[in-house]
Amino acid sequence: MVKLIAFFKRKAGLTPEQFQQHWRTNHAELVVRQKGMRRYVQNHTLSSGYAAGEPDYDGVAEAWFDSTQAMKDLAPSSEYAAVRADEANFIDPASMGVVLTEEVVIVDGPVPDDAVKWIGFIKKRDDVLIDFFQSYWSGTHGPIAAKIPGNLRYVQCRARMGIYASGRTPDFDGIPISWFDDLDALRRSGQSPEYEATRADEANFIAPGRIPFIVAAEHEIPL
């Protein structure tokens with residue numbers, strides 16, 4: 001299974017509410033007409049994410065396919081053309097990035113419908129090979145992060161190796177996603193020694209600097 005993750009900012013002049021409304025209605029109706037998609041999830045940045053200024057992204061989309069070929073088969077379709085054309089109505093095209101990923105589930109617990117979702121965007125250290133990055137992230141770092149209290153579900157979405165084999169560099173090497181009961185649970189987790197241990201270990205494989213992220217509400221769009 002292949003998961004496409006797209007992340008973007010809203011079009012200039014739109015409020016977050018206008019952006020979310022168009023994405024969840026007009027755009028979603030176009031997306032679900034595409035054949036071959038197995039699942040489609042929209043992640044809308046919470047209103048609290050705007051309290052201190054603009055968040056890194058207004059939204060993150062996740063779309064699952066059986067294979068990369070299933071995705072390629074969409075390219076010449078009129079349904080795909082309609083989706084791309086509509087993006088200009090609510091997305092800032094310069095902000096948009098896409099990474100093809102594979103999921104590694106580290107914590108597979110139940111998640112309530114109203115859970116909040118933390119989505120991060122990480123790059124490997126320049127001196128670290130991608131093989132090491134992926135194996136360390138899942139095999140060593142994953143179990144450390146899994147101990148963070150309140151982390152209901154934890155999934156690592158790592159960029160597919162085919163991207164590197166083709167000589168390309170993805171926007172991000174990995175996209176970690178964690179679910180929490182609510183914002184208070186997320187905040188409490190950030191004050192725990194387990195969280196501090198997780199952050200300390202990041203220096204072993206993640207590029208230094210701030211990690212972009214959003215805290216979002218998940219909306220599964222029926223296909």
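# Notebook: buried lysine, salt bridges and a lone aspartate

I started with K9, which is buried, with a relative accessible area of 15%. The cut-off for buried is under 20%, so K9 makes it into that group. Worth noting before I go on: this is a predicted model.

**Entry 1: around K9**

Where does K9 sit? I found K9 in the loop between β1 and α1. Next I listed what K9 touches, leaving aside neighbours within four places in sequence. The list is E54, P55, D56, Y57, D58, F90, I91, D92 and S95. I also checked K9 against V60: they are 51 residues apart in sequence, and their C-alpha atoms are 9.2 Å apart in space.

One of those contacts deserved another look. Which residue forms a salt bridge with K9? My partner for K9 turned out to be E54, with the closest N and O atoms 2.4 Å apart. This pair links distant parts of the chain, since K9 is in the loop between β1 (2-8) and α1 (16-31), while E54 is in the loop between β2 (37-45) and β3 (59-65). The two are 45 residues apart.

**Entry 2: more salt bridges**

A reminder to myself: side chains of opposite charge can pair when their charged atoms come close. How many salt bridges are there by the rule? I got a count of 17.

I picked R84 and E87 next. Their side chains meet in a salt bridge, 2.9 Å from N to O. They are three residues apart in helix α3, so about one helical turn separates them. Buried or exposed? I looked up E87 and it counts as buried, at 12% relative accessibility. R84 is partly exposed, with a relative accessible area of 43%.

Then I tried E202 and R199, whose side chains also meet in a salt bridge, at 2.8 Å from N to O. E202 counts as buried at 12% relative accessibility, and R199 is partly exposed, with a relative accessible area of 38%.

I also came across a network of salt bridges that links K3, E62, E103, K117 and E218.

**Entry 3: D86, a charge without a partner**

D86 is in helix α3, which covers residues 78-87. What surprised me is that D86 is buried yet has no salt bridge. How far away is the nearest side chain of opposite charge? That side chain is K11, and I read off 9.4 Å. A salt bridge needs the nitrogen and the carboxyl oxygen within 4 Å, so K11 does not pair with D86. Not counting residues up to four places away in sequence, D86 touches H22, N26, H27 and L30.

**Entry 4: C157**

C157 is in strand β6, residues 153-159. Its relative accessible area is 0%, so C157 is buried. Leaving aside neighbours within four places in sequence, I noted contacts of C157 with K3, I5, T101, E102, E103, W137, D173, G174, I175 and I177. K3 and E103 caught my eye, as both are in the salt-bridge network from Entry 2. I also took the C-alpha distance from C157 to F121: 9.7 Å in space, for residues 36 apart in sequence.

**Entry 5: I211**

My last single residue was I211, in the loop between α7 (193-201) and β8 (213-220). I211 counts as buried, at 14% relative accessibility. Not counting residues up to four places away in sequence, I211 touches F121, I122 and E202. I had already met E202 as the salt-bridge partner of R199. I compared I211 with F133 too: 78 residues apart in sequence, 16 Å apart from C-alpha to C-alpha.

**Entry 6: the whole chain**

Finally I zoomed out. I counted seven helices and eight strands in the chain. The radius of gyration is 17 Å, close to the 17 Å that the globule rule gives for 223 residues, so the chain is as compact as a globular protein of that length. Along the principal axes, the C-alpha atoms fill a box of roughly 50 × 40 × 30 Å.

How much of the chain is buried? Of the 223 residues, 48% are buried. For contacts with a separation of 6 or more, I found that 82% come from residues 24 or more positions apart. The chain exposes about 11,100 Å², and carbon and sulfur atoms supply 52% of that.

I closed with the charges: 24 positive and 31 negative side chains, with the centres of the two sets 3 Å apart.

Note on methods
Residues are numbered from 1 along each chain as its sequence is written. This is a predicted model: local features need pLDDT of at least 70, side-chain atom pairs count only at pLDDT 80 or more; totals for chains, interfaces and linings use all residues. Side-chain values use heavy atoms; hydrogens and water are left out. Helices (H or I, at least four residues) and strands (E, at least two) are DSSP runs, numbered from the N terminus. Buried means under 20% relative accessible area, exposed over 50%, partly exposed in between (1.4 Å probe, protein chains only). Contact means heavy atoms within 4.5 Å. The radius of gyration is taken over C-alpha atoms; the globule rule is 2.2 Å times the number of residues to the power 0.38. Accessible areas come from the Shrake-Rupley method with a 1.4 Å probe; for residues, only the protein chains shown count as cover. Lys and Arg count as positive and Asp and Glu as negative; His and the chain ends are not counted. The place of a charge is taken as NZ of Lys, CZ of Arg, CG of Asp or CD of Glu.
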